[in-house]
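Visitor: Before we go through this model together, I would like each label to be set against the criterion behind it.
Guide: Then let us look at the structure and take the labels one at a time.

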Amino acid sequence: MKKNLTAIIAASALMFSTVNLEAAQQKQTKQPQLKDWTVAVFLNADNNLDYFGARDEKEMAQVGSNDYMNIVTLIDRERGPAQINYIEKNNIKKIKDMGELDMGDYREFVKFVKFVKENYPAKKYCFNIWNHGSGWKDKQKNVVRGVSYDDSSNNHITTNQLTIALKEANEILGQKIDVLGFDACLMQMAEVLYACKDYAKYMVASEETEPGNGAPYDEILKDVKKGMTPADFADNWVGSFLVSYNEDSEQPEATTQSAVDLSKVDKLIDAINGFSKAVIAGKHSGIVGRAQAWAQHYAYYENIDLISLLNAMKTYLKDVNDPSLTTAIEKLRAAVKEAVISHGYTDDKLENSHGIAIFLPGMSASVPKLYRELAFAKDTMWDDMIDEIGKRAVIDEVLKDVKAGKTDSFKKAVAKAKKDPSNAVYRSLLREVNYLYASENAVPAESKSEVEKLLNNLKEAVKR
């Protein structure tokens, strides 16, 4: 009997130990709670925005994660290693040391998405890329466009790399990102929208530069409610952002913010192509070039608001009887309005901002080589239209001068043709100056011999 009792006690102890072990193993492998929203910020403060990055995390902590929302950041600071933080109410909780990261490498964003999915899953995701953003600009003869500039690595995420990163993010999440935000300057452009359109539902960004303080995370996050739709989330972001910088705020600044429904971008691209085709076919590039000067411009002159360009063209349409162009303009206007679900500005000098900017240089500018490598440029006729504008500007200047008996601009054009003989602008110039000289007889007698000599030089140049 004693032996049996001992055996029973031993068996019970073994069973109890096994149960405890299984419970411990279950606890270790327990899946994290699935919440309604996860707001994840890829916070690249490894630059002169370091102070603002730490400040924004404190703003997030004023609200903190709750039973229906996770707030998590990957922050890389200017003088220190990166870390992943979980933002609680009044507490920034370090989850993982990451060492020194190149936050200008899109693969780090992808890794962050994977970490978020595994540790802070949600029904809906907002991923926000926090840093400097840059418009299309010439910088030491190189065209720069992108986001997440890391001063330690001197690297950044390009627009084409955004597409790669977001595609991989979708594969990890098993769904589109619900709201893609850019707490960065100058990112709400057609070119960027095109890069992101297949991988997120809504995109929130600014056409203009953003103040150093960036998004007011305390104000934005306090209004996130359980069950909030992605559209409402994006609209709330825009509204909170604008209130924080309007003229009645404690920190009035001139800026913009808008939210775009990315499911409408394909229709927008069709309208951009239709507009570009109508401009080229109807030889209206001169009108677009002149309207560009009156459109709403941003920090870089080449960044203009798309609808403001169409509005500026009204002045010139009275001299043009082209129903195709008129129809194309109205279709493009309607497509922009349909895509933009929320927008605004905080200063009257930005009153012609309607939510989507686009790259359009002045009349004498050309399309940068790196711009042509964008998916947007390859898949649309927008860059072809810009070529026509530049070509028309050169030709019109030469024709005007030749009619007035001046040849300086013609000489410059011939010199450029010798260096770039395959450029179509010089073949068109040859045809139109030759017509002016031979058919219209519009060249003053005193400059005829000089014009004839330059025409022959141009013919030789374009034959190469």
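**Labels and their criteria**

Guide: Cys126 has a relative accessible area of 0% and is therefore called buried, a word that stands for under 20% relative accessible area, with exposed meaning over 50% and partly exposed the range in between (1.4 Å probe, protein chains only). This is a predicted model, in which local features need pLDDT of at least 70 and side-chain atom pairs count only at pLDDT 80 or more, while totals for chains, interfaces and linings use all residues. Residues are numbered from 1 along each chain as its sequence is written, and side-chain values use heavy atoms, with hydrogens and water left out.

Visitor: How do you know that Cys126 is in no disulfide?
Guide: A disulfide is a pair of cysteine sulfur atoms within 2.5 Å, and a search of the whole structure finds zero of them. For Cys126 the nearest cysteine sulfur is that of Cys196, 13 Å away. Seen from Cys196, the closest cysteine sulfur is the one in Cys126, and because 13 Å lies between them the two are too far apart for a bond. Cys196 also counts as buried, because its relative accessibility is 0%.

Visitor: Why is strand β5 described as largely enclosed by the rest of the structure?
Guide: Strand β5 covers residues 122–130, and eight of its nine residues are buried, so the description follows from that count. Strands such as this are DSSP runs of E of at least two residues, and helices are runs of H or I of at least four, both numbered from the N terminus.

Visitor: What makes β1 and β5 a pair?
Guide: Two strands pair if DSSP finds at least two bridges between them, and strand β1 (residues 35–45) is joined to β5 by eight bridges in the parallel sense. In this pairing Trp37 stands opposite Lys124. Strand β9 (residues 177–183) also runs parallel to β5, with five bridges, and there Phe127 of β5 stands opposite Leu180.

Visitor: Why is strand β3 also called largely enclosed?
Guide: Five of the seven residues of β3 (residues 82–88) are buried, so the same wording is used for this strand. Strand β2 (residues 69–77) runs antiparallel to β3 with five bridges, and the two form a hairpin with four residues between them. Strand β4 (residues 91–99) is likewise antiparallel to β3, through seven bridges, and in this second hairpin, with two residues between the strands, Asn90 takes a positive phi near 60°.

Visitor: What makes a set of residues a nonpolar core, and which members of the largest one touch the most others?
Guide: The set must consist of buried Ala, Val, Leu, Ile, Met, Phe, Trp, Tyr and Cys residues joined through side-chain atoms within 4.5 Å. The largest such core has 91 residues, of which Phe127, Phe182, Ile272, Phe275 and Trp382 touch the most other members. Helix α8 (residues 265–281) gives the most to this core, with eight residues. Apart from it lies another core, of 33 residues, among them Trp37, Tyr68, Cys126 and Ile220.

Visitor: With what is Trp237 in contact beyond its neighbours in sequence?
Guide: Contact means heavy atoms within 4.5 Å, and, with neighbours within four places in sequence left aside, the partners of Trp237 include Cys126, Val204, Tyr217 and Ile220. Trp237 lies in helix α7 (residues 230–245), and because its relative accessibility is 3%, Trp237 counts as buried.

Visitor: Why is the pair of Phe115 and Tyr120 called tilted?
Guide: Rings of Phe, Tyr and Trp (its six-membered ring) pair if their centres lie within 6.5 Å, and planes under 30 degrees apart count as stacked, over 60 as edge-to-face and the rest as tilted. Phe115 and Tyr120 are 6.3 Å apart centre to centre with 55° between the planes, so the distance allows a pair and the angle falls into the remaining class, tilted. Phe115, at 13% relative accessibility, counts as buried, as does Tyr120 at 11%.

Visitor: How do you know that the charged end of Arg290 sits over the ring of Tyr316?
Guide: The criterion asks for NZ of Lys or CZ of Arg within 6 Å of the ring centre and within 35 degrees of the ring normal. The charged end of Arg290 is 5.2 Å from the centre of the Tyr316 ring and is listed as sitting over it.
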